[in-house]
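The following paragraphs lead through one protein chain, element by element. Please keep the sequence and the structure in view while reading.

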Amino acid sequence: MHRRNEQCHRASCVIHEQHARRLLRWLDAAPKAKTNPPSFMAAVANTSGAESAAVVLLGPEHTEVLVATSNSLARAAHDLESILGEGPVHDCSAARGLLTTSGAELTTRWPHYGPALAQLGIDTVAAAPLRVDRICLGTLAVFGPRAARPESLTTIADAITRSVLVSPDNDAFDENGIPRLPLFDEGDHQPLVHQAVGMLSAQVGCEVADALELLRAHAFAENKTLDQVAHQVVRGRLPLH
């Protein structure tokens, strides 16, 4: 147990040290470069040995309450999973165990999601649950043509859970009861998606889960992201009923 805790603390130190160093370099160059600050998730991806990484936090009935990604590739991979309804976040959070898939196994495991990943140039996926005791708070997923180190991914997921999600420093909550997570400030809380799902549920008279599937189906048919379709629904420009 103590060795396990040691590994977790070491992984946490590596991630935070990398992020701190990147922030310092950015602060030195910011007046000239005028770029956005580096994201915490970029340090997570690098520590994991992967090209890209995403953290997805889950609420009741496995609804997504926050998505934080290291770069546009990770965001695109997550958007595909949101639309297609299959992928590492779904499987890992359900099984609550480490998941690794690569090459032809991607298509075998996910008939729709796998080929879509290949078009993004992704041929390796690994995911680990973010757990507190027996509760799954979400999933850490890593992607890339460069393979992640699956044997350390669980340790990194535990490090994120302890040092970011359930840290004593995170004692403030928003109006929805979700902890404020400064390191995930770049994260997307997907308010438009949740609002659109609620509106569809009321308009059509169906369950929330069915309304989400309706939103996904339209996004897939129109080759759009969930955010784009949700924006149309909320604005009243796309009555799906």
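In this predicted model, helix H4 spans residues 88-95, and its buried residues are Pro88, Val89, Cys92 and Ser93. Viewed along the axis of H4, these buried residues fall within an arc of 110 degrees, so they line one face of the helix. The general geometry of helices accounts for such a pattern: an α-helix has 3.6 residues a turn, so residues three or four places apart point the same way. Ala94 and Ala95, by contrast, are exposed on the other side of H4.

The buried residues of H4 pack against several elements. Among the helices these are H3 (72-84) and H6 (113-119). The strands are E1 (52-58), E3 (99-102), E4 (124-132) and E5 (135-144). Immediately after H4, Arg96 adopts a positive phi of about 55 degrees.

Strand E3, one of the packing partners of H4, contains Thr101. Is Thr101 buried or exposed? Its relative accessibility is 4%, and because the cut-off for burial is under 20%, Thr101 counts as buried. When residues up to four places away in sequence are set aside, Thr101 touches Leu106, Arg109, Trp110, Asp123, Thr124 and Val125.

Helix H2, residues 40-48, may be set beside H4. In H2, 8 of the 9 residues are buried, so this helix is largely enclosed by the rest of the structure. The buried residues are Phe40, Met41, Ala42, Ala43, Val44, Ala45, Thr47 and Ser48. Just after H2, Gly49 has a positive phi of about 80 degrees.

A further buried threonine, Thr155, belongs to helix H7, which covers residues 150-165. With a relative accessibility of 9%, Thr155 counts as buried. Which residues does Thr155 contact, leaving aside its neighbours within four places in sequence? They are Arg4, Gln7, Cys8 and Ala11. Thr155 can also be located relative to Ala128: the two are 27 residues apart in sequence, and their C-alpha atoms are 9.0 Å apart in space.

Attention now turns from packing to open space. Rolling a probe the size of a water molecule over the atoms shows where empty space is left. The second largest pocket has a volume of about 300 Å³. It is lined by 15 residues, of which Leu80, Ile83, Phe220, Asn223 and Lys224 are the closest to its centre. Two or more lining residues come from each of H3, H6 and helix H9 (208-222). Which element gives the most to the lining of this pocket? That element is H3, with 5 residues. By residue class, the lining of the second largest pocket divides into 8 nonpolar, 5 polar and 2 charged. Helices H3 and H6 thus appear in two settings, giving residues to this lining and packing against the buried residues of H4.

Finally, the chain may be considered as a whole. Its secondary structure amounts to 10 helices and 5 strands. Of its 241 residues, 44% are buried. Among the contacts in the chain with a separation of 6 or more, 58% are between residues 24 or more positions apart. The chain exposes about 12,700 Å², of which carbon and sulfur atoms supply 54%.

Conventions: Residues are numbered from 1 along each chain as its sequence is written. This is a predicted model: local features need pLDDT of at least 70, side-chain atom pairs count only at pLDDT 80 or more; totals for chains, interfaces and linings use all residues. Side-chain values use heavy atoms; hydrogens and water are left out. Buried means under 20% relative accessible area, exposed over 50%, partly exposed in between (1.4 Å probe, protein chains only). Helices (H or I, at least four residues) and strands (E, at least two) are DSSP runs, numbered from the N terminus. The arc is that of the directions from the helix axis to the C-beta atoms. Contact means heavy atoms within 4.5 Å. On a 1 Å grid over the protein atoms alone, a cavity is a set of points where a 1.4 Å probe fits but cannot get out, and a pocket is an open set with protein on both sides within 12 Å along at least five of seven lines; lining residues have an atom within 4 Å of a point. Grid points are joined across faces, edges and corners, and a volume is the space filled by probe spheres set on the points. Ala, Val, Leu, Ile, Met, Phe, Trp, Tyr, Cys and Pro count as nonpolar, Asp, Glu, Lys and Arg as charged, and the others, Gly among them, as polar. Accessible areas come from the Shrake-Rupley method with a 1.4 Å probe; for residues, only the protein chains shown count as cover.
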